[in-house]
Amino acid sequence: LGIFIADASGHYIDCNLAAHEMIGYTREELLSKTIQDLLPPQEIESVTQIFLKFIEDGYLKGEFNLHRKDKSVIPVLLESVVMPKSKLVLTFCSDITNRKLADEKLRNQLVELQRWQNVTMGREERIMVLKDEVNDLLTKLGQPLRYSNREASGEDK
């Protein structure tokens, strides 16, 4: 669990080992950064607005992306509070990369299962129609039915 402490203007003033290792900076490098320095460029404006509201409200919890020193981006869960007397920002940060990858894998599996269900359901319905058609043709030819009504309707399963 990374722990960051920043002042009200967003400059980091302290962090634990997990925090700077998660971001890939040395402690000294991280303490020369601001919260904005760790945001992906396309998210700076929206997160800055969230940060300003957070300074007013005093509490924030949410998922964000952080820019690591190597320029990779990691998804994190942040929970931040403004310390009342000092106005320092205390942030607890968890890397949720593995959770995000697992979520994506589950979403992909669900899509594949839904696709197979649609294929299978279509196949089952087609088989019932074909059994009915075979029975209709046998009836027209005066021959005994090949499938019972239950089999043709799929109730046999």
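## The β3–β4 hairpin

In this predicted model, strands β3 (residues 59-67) and β4 (residues 73-82) run antiparallel to each other, paired over 9 bridges. If you want a spot to get your bearings, try glycine 62: its bridge partner in β4 is leucine 78.

Between the two strands sit 5 residues, and in this hairpin lysine 71 takes a positive phi near 75°.

## On to β5

β4 also pairs with strand β5 (residues 89-95), again in the antiparallel sense, this time over 7 bridges. Here you'll find valine 82 standing opposite valine 89 in β5.

The hairpin of β4 and β5 has 6 residues between its strands. Another lysine shows up with a positive phi: lysine 87, near 65°.

## The nonpolar core

Now for the inside. The largest nonpolar core is made of 23 residues, and the ones with the most contacts inside it are Phe4, Ile23, Leu30, Leu38, Leu66, Val76 and Cys93. Which elements give two or more residues to this core? They are β1 (2-6), β2 (12-15), α1 (17-23), α3 (44-57), β3, β4 and β5. β4, the strand that pairs with both β3 and β5, supplies the largest share of the core, 4 residues.

## A closer look at leucine 30

Leu30 is on that list of residues with the most contacts inside the core, so to speak a good place to zoom in. Leaving out residues up to four places away in sequence, leucine 30 touches Phe4, Tyr12, Cys15, Ala19, His20, Tyr25 and Leu38. Two of these neighbours, Phe4 and Leu38, are also named among the residues with the most contacts in the core.

Definitions and conventions
Residues are numbered from 1 along each chain as its sequence is written. This is a predicted model: local features need pLDDT of at least 70, side-chain atom pairs count only at pLDDT 80 or more; totals for chains, interfaces and linings use all residues. Side-chain values use heavy atoms; hydrogens and water are left out. Two strands pair if DSSP finds at least two bridges between them. A nonpolar core is a set of buried Ala, Val, Leu, Ile, Met, Phe, Trp, Tyr and Cys residues joined through side-chain atoms within 4.5 Å. Buried means under 20% relative accessible area, exposed over 50%, partly exposed in between (1.4 Å probe, protein chains only). Contact means heavy atoms within 4.5 Å.
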